Amino acid sequence: MRSSWRVEREELARWAAWRSANRQQRDVAGDRTCRVASVAPRRRAARRATTMSDQRTTSPRSNVRRVLEESGAVHGGDDVALREALALLSTADAENKRKNRKLYLLLDLDETLIVAKNLEKEPSHVPVGKPIVVQGRSTLRFDLIERPGLQHFLREVSKLFVVFMYTMGDEAYVRAVLDVIDPHGKNFAGGIACWKESEGRHHKYIERVVCDRSMALVVDDMMDYWTEDMPNFILTRRFVGDHADDGLMLLYGQLKAVHEAYFKAAAAAATDEPPAVPRVLAEMRGAVFGGCTIAFTGVVLDQTEETLVSQPLCKLVRLFGGDVTLDVDRATHLVARQKEGWRGAAKIRKAIARMAQDPSFVCVWDHWLWDSLAAWKAQPTDDYALPTSDADEAPAVAAASALPPSVTQRDDSPPAARSEPSDAAGRKRPREAAADNSEPAVYRSMGAVSAYLKGKQASSGAGE
Ligand SMILES: [Mg+2]
């Protein structure tokens, strides 16, 4: 019996026929899925209103759909045939990538690879990066700051992965950014998926880039978009423009380790069943939160037994070996987000009372969780501890400069300005997770919180 992952011979033959008929492809299983469109015959390209630049920011899925439609393999609106064709393509491509020791990597853009400061919205910002101009419904100017080591990072990960960019920024914004970070079109060989009217604004999903999810890794500073893909997900610390940021160095080490573990497992496999990235990732994450039962306040909205099962952060905590609970009395840790009036929150009052009785009980700010998830290592809780009395509060705030960089620099405000359809060229949708965040005192003193957060602060409660 043939193994399940091998492509059936007749299916490959079908695909070969499509390739041959179109004469567009140098290699369907090659690195550049998006080149399917870019190498289309000139006469066909000339008829299209789109330019090469347009095609570059058209998602791989859209490009493949167009080629399949042009080849006659599927017809407009035939979703069943398209799904079958995409599955076939993904399978064939995955087999090729395994032979070439490559996996797939989906990279977010904003606050993962770069940060772009909207100079209209932040007039006091002193530019420190490279200027970009986004021509949309209006003209917007940004100061684009690359995350330290970005070019080296992209070069190195491209040796191990087929790299896709997947961003909620719109096309005009993404093109302007690409002109700076990837002027020769070499860094995102898989293709680029940016925000489109036809796509949801609250959801990212692996299938959009046309790849085998069992070989895919996702990197983003926001987990809430990736509801179904937590097993493939790697959280990166949010980049806010700091020149001492080492997030890409940390990330590269993790990606390289996963790549090595995957192909080591593939070589050692007793059968021809290939390993799966989620399984490899689970083994590497280990039990970072082993023995931890975490309760939240101000971090997870609308907490119910049901949301604790489905909410991405809760899923991720479980994937790291921990558990989550609604009940502070059952918890080993209370993870809190600092808001106005946080001392009055019921869970925090209960937690502080419990700490007096139970020294093993831990009460920490949410940065402890983000940093532990990003580092794949539980961070020392002392650095993130809530002050347990009024007298402790002032020293705790004053000590902010001694906290780890990711703590003092984290800013949950939305990115400066991208593009949003209803907006005049350029704003990305607000982050749901940040929607009710109020301003931590450590940020207030640094003047690093946007007007967005301040506006929302008034409407946010003091937690459950
Ligand atoms: Mg982001």
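Colleague: What makes E2, E4 and E3 one sheet in this model, and in which order do they lie?

Modeller: The model is predicted, and in it the three strands form an open sheet in the order E2-E4-E3 with antiparallel pairing. Two strands count as paired if at least two bridges are found between them. E3 and E4 (residues 139–146) share six bridges in the antiparallel sense, so that pair passes the cut-off of at least two. One of the bridge partners is easy to find: proline 131 is matched with aspartate 143 in E4.

Colleague: Which are the edge strands there, and what makes them edges?

Modeller: They are E2 (114–118) and E3 (130–135), and each of them pairs on one side only. On average, neighbouring strands of this sheet are turned by 35 degrees against each other, with direction ignored.

Colleague: Which helix packs on the sheet, and which strands does it touch?

Modeller: That is H8 (residues 171–181), which touches E2, E3 and E4. The direction of H8 makes about 150 degrees with that of E3.

Colleague: And the five-strand sheet: what is its order, and how are its strands paired?

Modeller: The order is E6-E5-E1-E7-E8, the sheet is open, and the pairing is parallel. Its edge strands are E6 (191–193) and E8 (233–235), each pairing on one side only. Here neighbouring strands are turned by 25 degrees against each other on average, direction ignored.

Colleague: How many bridges join E7 to E8, and why does that count as pairing?

Modeller: Three bridges join E7 to E8, which run parallel. The cut-off is at least two bridges, so these strands pair. Within this pair, valine 219 stands opposite isoleucine 234 in E8.

Colleague: How many bridges does E5 make with E1, and how many with E6?

Modeller: E1 and E5 pair in the parallel sense over five bridges, with leucine 107 opposite methionine 165 in E5. Three bridges join E5 to E6, also a parallel pair, and there phenylalanine 164 stands opposite glycine 191 in E6. The chain crosses from E5 through H8 to E6, and this β-α-β crossover is right-handed.

Colleague: Why is E5 called mostly covered?

Modeller: A residue is buried if 20 or more other C-beta atoms lie within 10 Å of its own. In E5 (residues 161–166), six of the six residues are buried, hence the wording. Phe161, Val163 and Met165 point one way, Val162, Phe164 and Tyr166 the other way, and all are buried.

Colleague: How do you know that the span of H9 is close to the expected one?

Modeller: H9 (residues 247–268) has 22 residues and reaches 32 Å from its first C-alpha to its last. At 1.5 Å a residue, 32 Å is expected, and the two values agree closely.

Colleague: Why can we say that the buried residues line one face of H9?

Modeller: Gly247, Leu248, Leu251, Leu255, Val258, His259 and Tyr262 are buried in H9. Seen down the helix axis, the buried residues fall within an arc of 100 degrees, so they line one face. They pack against E1 (103–107), H7 (150–160), E7 (216–220) and H10 (277–285).

Colleague: And what does the face of H9 turned away from its buried side carry?

Modeller: That face carries Gly253, Lys264, Ala267 and Ala268, which are exposed. For a residue to be called exposed, 12 or fewer other C-beta atoms may lie within 10 Å of its own.

Colleague: How many helices and strands does the protein have?

Modeller: There are 18 helices and 12 strands, and buried residues make up 44% of the 464 residues.

Note on methods:
Residues are numbered from 1 along each chain as its sequence is written. This is a predicted model: local features need pLDDT of at least 70, side-chain atom pairs count only at pLDDT 80 or more; totals for chains, interfaces and linings use all residues. Helices (H or I, at least four residues) and strands (E, at least two) are DSSP runs, numbered from the N terminus. Axes are lines fitted to C-alpha atoms, for helices over the stretch in contact, and angles run from 0 to 180 degrees between N-to-C directions. Two residues are in contact if their C-beta atoms, placed from the backbone, lie within 7 Å. The expected span of a helix is 1.5 Å times one less than its number of residues. The arc is that of the directions from the helix axis to the C-beta atoms. A crossover is right-handed if, with the strands pointing away from the viewer, the path from the first strand over the helix to the second runs clockwise.
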